[in-house]
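Here are my notes on the structure you asked me to look over. Please read them alongside the coordinates.

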Amino acid sequence: MARPVRVVVLGSGSWGTTVAGLAAQNTPTLLWSRNKEIADEINIDRRNHRYLGDRRLPETLRATADINEAAHEADVLVVGVPSYAVRAALEPLAHELRAWVPIVSLTKGLEPGTRLRPTQVISACLPGHPVGLLSGPNIASEIADGKAAASVIAMQDDSVGTALQPLFASKLFRVYRNTDVLGCELGGILKNIVAIAAGMAEGLRVGDNTRAMVLSRGLAEMTRLGEAMGAHARTFAGLTGMGDLIATCTSPASRNRRLGEALARGLSVDEAVAELGQVAEGVRTAPTVMELAREVGVEMPIAAEVAAVVGGHRSPADAYRGLRRVTPGDEEDVV
Ligand SMILES: NC(=O)c1ccc[n+]([C@@H]2O[C@H](COP(=O)([O-])OP(=O)(O)OC[C@H]3O[C@@H](n4cnc5c(N)ncnc54)[C@H](O)[C@@H]3O)[C@@H](O)[C@H]2O)c1
Ligand SMILES: O=P(O)(O)OC[C@H](O)CO
């Protein structure tokens with residue numbers, strides 16, 4: 001009988017730990033943490049208190065702080081660290097991973113400096129591997145609480161996506177497939193910027209109509225940039241686009257939205273990030289996305305205002321005044 005597929009997850013933050021918990025219910029799973037205390041806590045207490053509080057993890061989940069053990073164990077590698085750390089986390093694996101191992105990114109941000117998407121960074125560090133992602137409206141704490149959710153495995157080769165689907169799926173976690181890797185990845189990256197705008201809206205108490213405007217025009221911006229870069233417009237109407245946008249912009253648990261609320265309370269970006277204590281990818285991604293938008297000639301007024309606020313050039317209230325200066329044209333046109 002063939003031995004079961006072994007999943008290795010890199011990164012023991014809130015989402016890496018949660019996804020490792022999902023996979024551990026289906027197949028042997030090892031979670032790598034750079035922090036030995038967290039690995040020990042998971043193995044002994046079945047908890048990751050720093051990131052998931054008192055939530056109990058499956059008995060079958062194992063953790064390690066040994067990157068070589070992680071590299072040698074992996075039949076499937078899942079990358080669950082923030083965008084600024086993907087390259088550093090993968091470098092020790094360069095000559096250790098077996099050549100055919102598929103790699104699944106959980107990361108929803110662009111690499112600072114290079115502007116690369118996480119799947120591009122992964123391909124640069126570990127060339128030749130099938131690379132895709134798992135993305136959707138997936139607030140870690142809700143999924144760790146066992147609340148129902150859906151996500152998408154995006155892989156260019158649908159047969160690889162089909163093989164990966166059952167490793168993460170359960171009755172409460174529905175996993176769909178998509179071959180538009182670019183569109184699915186951009187959806188998860190871009191919605192974080194709109195969520196900061198939605199958090200600022202919440203903090204400024206601008207009203208539900210304004211919030212709805214920010215969400216729908218935010219989705220229009222996301223779709224425009226995606227299409228200009230070669231993604232399918234319809235992908236942005238699905239779980240990884242509109243679905244994730246709704247979850248992140250409306251959930252009080254979203255870190256990006258909470259960061260926007262903190263900025264509206266008058267905190268500086270550094271103070272808001274420190275208060276959060278976890279990653280809010282939209283902060284670093286907003287200015288990088290504006291560089292991409294300029295390069296492909298796409299207008300993104302909401303992202304531009306968010307980039308100005310996180311860059312310290314504008315207050316949240318001024319950003320909302322700035323949005324009012326945008327001249328509305330044909331709804332399906334550029335601006
Ligand atoms: N939390 C969620 O609900 C959620 C859901 C979907 C996607 N994501 C995305 O997943 C990614 C990870 O987010 P998270 O919520 O788990 O973040 P987090 O802030 O909860 O944890 C980040 C983890 O990465 C580790 N890390 C940081 N730098 C590292 C390095 N150089 N080497 C190794 N490990 C390093 C930290 O120690 C920590 O364990 C982000 O891109 C995020 O947007 C998060
Ligand atoms: O908490 P956030 O804002 O990083 O969002 C988490 C997930 O990306 C939601 O799908």
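The points below take up the sheet, then the helices that cross its strands, and finally the shell around ligand 2.

1. The model is predicted, and the points that follow should be read with that in mind. Its open sheet comprises 8 strands in the order β3-β2-β1-β4-β5-β6-β7-β8, and the pairing is mixed. At the edges stand β3 (61-64) and β8 (173-178), each of which pairs on one side only. Direction ignored, neighbouring strands of this sheet are turned against each other by 25 degrees on average.

2. Within the sheet, β1 (residues 7-10) and β4 (residues 76-79) are joined in the parallel sense over 4 bridges, and Leu10 stands opposite Val79 in β4.

3. Helix α8 (residues 158-168) lies across β1, β4, β5 (103-105), β6 (131-135), β7 (149-154) and β8, and its direction is at about 175 degrees to β8. Helix α9, by comparison, lies across β6, β7 and β8, running at about 45 degrees to β6.

4. Which residues surround ligand 2? They are Lys108, Pro137, Asn138, Ile139, Asn192, Ala195, Asp244, Ala247, Thr248, Ser254, Arg255 and Asn256, and they divide into 4 nonpolar, 5 polar and 3 charged residues.

5. As to where this shell comes from, at least three of its residues are drawn from each of domain 1 (7-179) and domain 2 (182-324). Helices α9 (181-204), α11 (239-250) and α12 (255-264) each supply at least two residues, and α11 gives the most, with 3 residues. Helix α9 therefore deserves a look in both contexts, since α9 lies across β6, β7 and β8 and also supplies at least two residues of the shell around ligand 2.

Technical notes: Residues numbered from 1 in each chain as written. Chains lettered and ligands numbered in written order. Predicted model: local features only at pLDDT ≥ 70, side-chain atom pairs only at ≥ 80, totals over all residues. Near = placed C-beta within 6 Å. Nonpolar A, V, L, I, M, F, W, Y, C, P; charged D, E, K, R; others polar. Domains from an automatic or database assignment. Pairing = 2+ DSSP bridges. Axes fitted to C-alpha atoms, helices over the stretch in contact; angles between N-to-C directions. Contact = placed C-beta atoms within 7 Å.
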